[in-house]
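This briefing concerns the open and enclosed spaces of one protein model, together with the strands and residues around them. Please consult the sequence and the structure below while reading.

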Amino acid sequence: MFKRCFYVMIIGASLFFQSHGVPFLGVDYLQADTIEGGKKEIDGLKVMTMVSERDRGKDHSISTSWKLTEKGNERHRAKYTEARKHYKGKDGFNYKSVIRYSEPPKIIRRAILTWNHTDGKRTYWYYLVGFLDPKRANNIERIRTQAEVDFNLDDYVDINLEEETHKLIRSEEYEGKTCYVVESTPIKKEIKYGQRISWIDQQNLIPLKVEYFDKGKKNWKVLSIKWQSISGLWFWKEAVAENVQKDYKTFITIEDVKVNLGLEDREFGKVALQKRKY
């Protein structure tokens, strides 16, 4: 009886504050009751943990197309296939991936191997036509295509949970979905942005929009994402990253998604980079 009265008080307070245009974080705690299986409180770290631990399958392969425009004019295009295996912390890894470029023609034999470690470190190897063996790289800035130069996934999207602090600042509607709005601040100075704010769909635990701010806390980039469900798992379908300071836009399209292929560990080693698979 007390619990029911308490919820009625919370809902009443929520309606009062929302009718006066004031965000009411108590709604987040109430909604967490269904998401967390009885826990009444939720914070930014819990939200981003649920996002990070969302089921992505054991492995997947995708085809990704990129287009970079400047002031509305197309500048660069690229395309690659990626195979990724999720380790979920096993042996100290979050995931391993191999990217093989098929466009533009001059880099058709370029491949990149990434090991994403649970401690936030990333290990890279790359292979180019004419190389006898794959090469180790501290970063892959010079290996990426020009289409990825303004917004690449390693620096802006595939950020490990522990590399930022997370604060739940409110709940609100975005494109017809009730979202958690979470402010994430990098711990490491190496991360390019100074802060990001994510709109997380509360039902599916996927980000619909992310706003990035530079080190001076000025608006910098805005990522908008449309999703597709493949075998009950969520993957990007289309995304646009707009650089509001330079009038760049990066268009990303995901196609040919395949999940739970049974990819073996050996497919994510240095030797595998030399094997051409398209």
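The points that follow treat the pockets, the cavities, three paired strands and one buried leucine.

The model is a predicted one. Its largest pocket holds about 1,200 Å³ of space, and its second largest pocket has a volume of about 430 Å³. The structure also contains two cavities of 30 Å³ or more. Strand β3 (93-103) contributes to the lining of the largest cavity and pairs with both β2 and β4.

**Largest pocket**

- A total of 43 residues line the largest pocket, and those nearest its centre are V51, S52, R56, R84 and D158.
- By class, the lining of the largest pocket comprises 21 nonpolar, twelve polar and ten charged residues.

**Second largest pocket**

- The lining of the second largest pocket is made up of 19 residues, with G120, R122, Y124, D155 and E190 lying nearest the centre.
- Two or more lining residues are given to the second largest pocket by β5 (122-127) and by α4 (153-156).
- Strand β5 provides the largest share of the lining of the second largest pocket, namely three residues.
- Ten charged residues, five polar residues and four nonpolar residues form the lining of the second largest pocket.

**Largest cavity**

- The largest cavity encloses about 170 Å³ of space.
- Of the 17 residues lining the largest cavity, Y80, I99, E148, L153 and D154 are the closest to its centre.
- Which elements each supply at least two residues of the lining of the largest cavity? They are β2 (73-86), β3 (93-103), β4 (111-117) and α4.
- The largest share of this lining, four residues, is contributed by β3.
- The lining of the largest cavity has eight nonpolar residues, six charged residues and three polar residues.

**Strands β2, β3 and β4**

- Strand β3 is largely enclosed by the rest of the structure, because eight of its eleven residues are buried.
- Strands β2 and β3 run antiparallel and are joined by eight bridges.
- Within the pairing of β2 and β3, E82 stands opposite I99 in β3; I99 is also among the residues closest to the centre of the largest cavity.
- Six residues lie between β2 and β3, which form a hairpin. In the turn of this hairpin, K88 has a positive phi of about 50 degrees.
- Strand β3 also pairs with β4 in the antiparallel sense, over seven bridges.
- In the pairing of β3 with β4, R100 stands opposite A111 in β4.
- As a general point, side chains in a regular strand alternate between the two faces of the sheet.

**Residue L223**

- Residue L223 belongs to strand β11, which spans residues 219-230.
- Is L223 buried or exposed? The relative accessibility of L223 is 1%, so L223 counts as buried, the cut-off being under 20%.
- Apart from its neighbours within four places in sequence, L223 is in contact with F151, V157, L208, K209, V210, Y212, W236, A239, V240 and A241.
- The C-alpha atoms of L223 and F251 are 9.9 Å apart in space, while the two residues are 28 residues apart in sequence.

How values were computed
Residues numbered from 1 in each chain as written. Predicted model: local features only at pLDDT ≥ 70, side-chain atom pairs only at ≥ 80, totals over all residues. Heavy atoms only, no water. 1 Å grid on protein atoms, 1.4 Å probe; cavity = no way out; pocket = protein on both sides within 12 Å on 5 of 7 lines; lining within 4 Å. Points joined across faces, edges and corners; volume = space filled by probe spheres on them. Nonpolar A, V, L, I, M, F, W, Y, C, P; charged D, E, K, R; others polar. Buried < 20%, exposed > 50% of the residue type's maximum accessible area, 1.4 Å probe, protein only. Pairing = 2+ DSSP bridges. Contact = heavy atoms within 4.5 Å.
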